[in-house]
Amino acid sequence: MTPALRLWRAETGAVTLPTLFWIPLFFMILLMAVEVMVINMRQVLLDRAVEVATRDLRLGSASIPSHDALKTRICQIIAFVPDCATNLAVEVFPVNLSNWSLVNPEAPRCSDITSTLVDDPVFDPATGNQLVALRACLRLKPMTRLDPMALALHLDATGRFALSSTTVFVNEPRTTGTAS
């Protein structure tokens with residue numbers, strides 16, 4: 001038997017080629033799993049931050065603060081998201097009770113981050129017993145653009161995707177005097 005034929009029939013290294021084909025697939029699956037885990041963790045952190053920041057509003061013990069104050073409070077609670085203050089938009093608007101719609105007729109804030117919309121909450125805080133929705137929209141970049149999960153995300157012009165959290169509460173009437 002010739003040395004070339006013997007080398008051709010040798011079984012050493014038979015696992016190398018299948019391994020080279022399967023390792024990228026397993027790496028992609030691992031990368032996708034980590035990406036999903038990070039996105040879910042950030043969504044849970046955003047949901048919790050919105051709930052904690054609006055706790056006093058839901059209890060009726062505080063008036064609705066400014067947009068910047070809400071952003072600051074939510075970003076203090078999240079603490080894991082880089083550039084939270086620049087990538088977070090908060091909107092407060094009354095719920096339309098005729099159709100129970102949670103759509104803000106003024107302007108959707110979960111649009112492109114390059115938008116120049118005014119971010120101040122628009123509604124009359126003096127109106128008592130009004131059902132009010134608070135929506136926080138956080139724009140984040142995916143960890144990497146290599147895995148199919150990141151490629152499936154809807155990205156804006158800056159390469160960011162949106163996470164949003166909504167809470168609804170009743171704007172309780174405030175009393176300015178003390179009870180006797």
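Student: Which loop holds Asp83?
Tutor: The model shown here is a predicted one. In this model, helix H5 covers residues 84-87. Asp83 is placed in the loop between helix H5 and H4.

Student: Is Asp83 buried or exposed?
Tutor: The relative accessible area of Asp83 is 53%. A residue counts as exposed when that value is over 50%. Asp83 therefore falls in the class called exposed.

Student: What is the phi of Asp83?
Tutor: Most residues other than glycine have a negative phi. Asp83 is a residue other than glycine, yet its phi is positive. The value for Asp83 is near 55°.

Student: How many helices and strands does the chain have, and in what order do the elements run?
Tutor: The secondary structure of the chain comes to six helices and three strands. Read from the N terminus on, the order of the elements is α-α-α-α-α-β-β-α-β.

Student: At what angle do helix H2 and helix H4 pack?
Tutor: Helix H2 takes in residues 16-53, and helix H4 takes in residues 67-78. Their axes are 8 Å apart. The angle at which H2 and H4 pack is about 130°.

Student: Why is H2 called oblique to H4, and what is the hand of their crossing?
Tutor: The angle between H2 and H4 is about 130°. Angles over 145 degrees count as roughly antiparallel and those from 65 to 115 as roughly perpendicular, so H2 is oblique to H4. The crossing of H2 and H4 is right-handed.

Student: Which residues make the contact of H2 and H4, and how do they divide into nonpolar, polar and charged?
Tutor: On the H2 side, the contact is made by Leu45, Leu46, Arg48, Ala49, Val50, Val52 and Ala53. H4 supplies Arg73, Ile74, Ile77 and Ile78. By type, the residues of this contact divide into nine nonpolar, no polar and two charged.

Student: Is Ala53 buried or exposed?
Tutor: Ala53 is found in helix H2. Its relative accessible area is 14%, and buried means under 20%. Ala53 therefore counts as buried.

Student: Which residues is Ala53 in contact with, leaving aside its neighbours within four places in sequence?
Tutor: The C-alpha atoms of Ala53 and Gln76 are separated by 9.4 Å, with their places 23 residues apart along the chain. Gln76 is not named among the contacts of Ala53. With neighbours within four places in sequence left aside, Ala53 is in contact with Arg73, Ile74 and Ile77.

Student: What distance separates the C-alpha atoms of Ala89 and Leu138?
Tutor: Ala89 belongs to strand S1, residues 88-94, and counts as buried at 12% relative accessibility. Ala89 and Leu138 are 49 residues apart along the chain. The separation of their C-alpha atoms is 6.5 Å.

Student: Where is Met143, and which residues is Met143 in contact with?
Tutor: Met143 lies in the loop between strand S2 (130-140) and helix H6 (148-152). Its relative accessible area of 42% makes Met143 partly exposed. From C-alpha to C-alpha, Met143 and Leu31 are 9.3 Å apart in space and 112 residues apart in sequence. Apart from neighbours within four places in sequence, the residues in contact with Met143 are Val34, Glu35 and Val38.

Student: What share of the residues in the chain is buried?
Tutor: The chain exposes about 11400 Å², of which carbon and sulfur atoms supply 63%. The chain has 180 residues. Buried residues make up 33%.

Conventions:
Residues numbered from 1 in each chain as written. Predicted model: local features only at pLDDT ≥ 70, side-chain atom pairs only at ≥ 80, totals over all residues. Heavy atoms only, no water. Axes fitted to C-alpha atoms, helices over the stretch in contact; angles between N-to-C directions. Helix = DSSP H or I, 4+ residues; strand = E, 2+ residues; numbered from the N terminus. Parallel < 35°, antiparallel > 145°, perpendicular 65-115°, else oblique. Left-handed = near helix turned anticlockwise from the far one by under 90°. Contact = heavy atoms within 4.5 Å. Nonpolar A, V, L, I, M, F, W, Y, C, P; charged D, E, K, R; others polar. Buried < 20%, exposed > 50% of the residue type's maximum accessible area, 1.4 Å probe, protein only. Areas by Shrake-Rupley, 256 points an atom, 1.4 Å probe, with all protein chains shown as cover.
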